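Here is a set of exercises to work through with the model open beside you. Try each task by yourself before you read its solution.

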Amino acid sequence: MKSFIIAIDGRAASGKTTLAAALAAEEKASVIHMDDFFLPPNLRTTERLNTPGGNIHHERFAEEVLPFIADGKPFQYRVFDCATCTYTTTRKIIHPLIIVEGAYSHHPLFGSYMNLRIFSDISPEPQIRRIKNRNGTQAATVFASKWIPLEEKYLSTFEIYANADIILSTQ
């Protein structure tokens with residue numbers, strides 16, 4: 001049995017992880033988190049971060065996920081922990097329904113591996129409020145000055161919103 005793959009991309013704090021968890025629980029799906037492919041510090045060069053979508057470890061996603069995701073067979077990949085900057089465990093993908101959630105999951109470098117593209121949207125004011133509630137004021141400042149501009153550059157460069165099959169808006 002081949003996999004059916006849903007990719008949920010979108011803005012920070014727009015509900016991508018929450019939606020993926022709800023769908024996975026309802027439909028018995030496996031979830032791949034793009035945060036597991038956060039770019040390790042040794043790869044965060046100025047050149048890399050200036051490249052749209054460059055702050056995800058797309059090489060590792062292409063190596064550890066893409067060759068296995070479509071065939072419907074179980075596989076696993078390494079999980080990168082942002083807090084410790086180490087690989088902490090592996091995540092097993094066992095269901096043929098797979099949800100890839102997180103910013104950069106629609107990156108054109110990955111091709112059209114997904115059957116359904118969902119874009120999760122949120123406007124700036126509730127976005128920052130949700131980040132503050134989730135991560136604290138200091139982290140929200142870092143998101144606003146560093147991570148959100150990188151996401152916006154990726155979203156506009158590759159027209160992620162325009163290429164989605166479904167657009168969801170969170171307030």
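**Exercise 1. Decide whether K28 is buried, partly exposed or exposed, and describe its backbone.**

Step 1. We need cut-offs: buried means under 20% relative accessible area, exposed over 50%, and partly exposed in between (1.4 Å probe, protein chains only). Accessible areas come from the Shrake-Rupley method with a 1.4 Å probe, and for residues only the protein chains shown count as cover.

Step 2. K28 has a relative accessible area of 60%, so K28 is exposed.

Step 3. Now place the residue: K28 sits in the loop between α1 and β2. Helices (H or I, at least four residues) and strands (E, at least two) are DSSP runs, numbered from the N terminus.

Step 4. K28 comes just after α1 and has a positive phi of about 55°. K28 is a residue other than glycine.

A word on the input: this is a predicted model, in which local features need pLDDT of at least 70 and side-chain atom pairs count only at pLDDT 80 or more, while totals for chains, interfaces and linings use all residues. Residues are numbered from 1 along each chain as its sequence is written, and side-chain values use heavy atoms, with hydrogens and water left out.

**Exercise 2. Compare A13 with the cut-offs for burial, and find its phi.**

Step 1. A13 lies in the loop between β1 and α1.

Step 2. Its relative accessibility is 6%, so A13 counts as buried.

Step 3. Phi of A13 is near 65°, a positive value in a residue other than glycine.

**Exercise 3. Check the span of helix α1 and work out which way it faces.**

Step 1. The expected span of a helix is 1.5 Å times one less than its number of residues. For the 12 residues of α1 (residues 16-27) this gives 16 Å, and the end C-alpha atoms are 16 Å apart, which agrees.

Step 2. K16, A20 and A24 are the buried residues of α1. They cover an arc of only 60° around the axis, which puts them on the same side of α1. The arc is that of the directions from the helix axis to the C-beta atoms.

Step 3. T18, A25 and E26 are exposed residues on the face of α1 turned away from its buried side.

Step 4. The cover over the buried residues of α1 includes β1 (4-10), β2 (30-33), β5 (97-101) and β6. This cover is judged by contact, which means heavy atoms within 4.5 Å.

**Exercise 4. Repeat the analysis for helix α4.**

Step 1. Helix α4 (residues 124-135) has 12 residues and should span 16 Å; its end C-alpha atoms are 16 Å apart, which agrees.

Step 2. P126, Q127 and I131 are buried in α4. Seen down the axis, the buried residues of α4 fall within an arc of 140°, so they line one face of the helix.

Step 3. Exposed E125 and N133 are carried on the face of α4 turned away from its buried side.

Step 4. Among the elements that cover the buried residues of α4 are β6 (116-122) and α5 (137-157).

Step 5. Just after α4, G136 takes a positive phi of about 95°.

**Exercise 5. Locate P74 and list what it touches beyond its sequence neighbours.**

Step 1. P74 belongs to the loop between α3 (58-64) and β3 (75-81).

Step 2. With a relative accessible area of 61%, P74 is exposed.

Step 3. Leaving aside neighbours within four places in sequence, P74 is in contact with I93 and I94.

Step 4. P74 and I94 are 20 residues apart in sequence, yet 4.4 Å apart in space, C-alpha to C-alpha.

**Exercise 6. How many disulfides does a search of the whole structure find?**

Step 1. A disulfide is taken as a pair of cysteine sulfur atoms within 2.5 Å.

Step 2. The search finds 0 disulfides. C82 is in none, and its nearest cysteine sulfur, that of C85, is 7.2 Å away.

Step 3. C82 counts as partly exposed at 36% relative accessibility, and C85 is partly exposed at 34%.

**Exercise 7. Test the chain against the compact-globule rule.**

Step 1. The rule is 2.2 Å times the number of residues to the power 0.38, with the radius of gyration taken over C-alpha atoms.

Step 2. For 171 residues, a compact globule would have a radius of gyration near 16 Å; the chain has 15 Å, which agrees.

Step 3. Buried residues make up 47% of the 171 residues.
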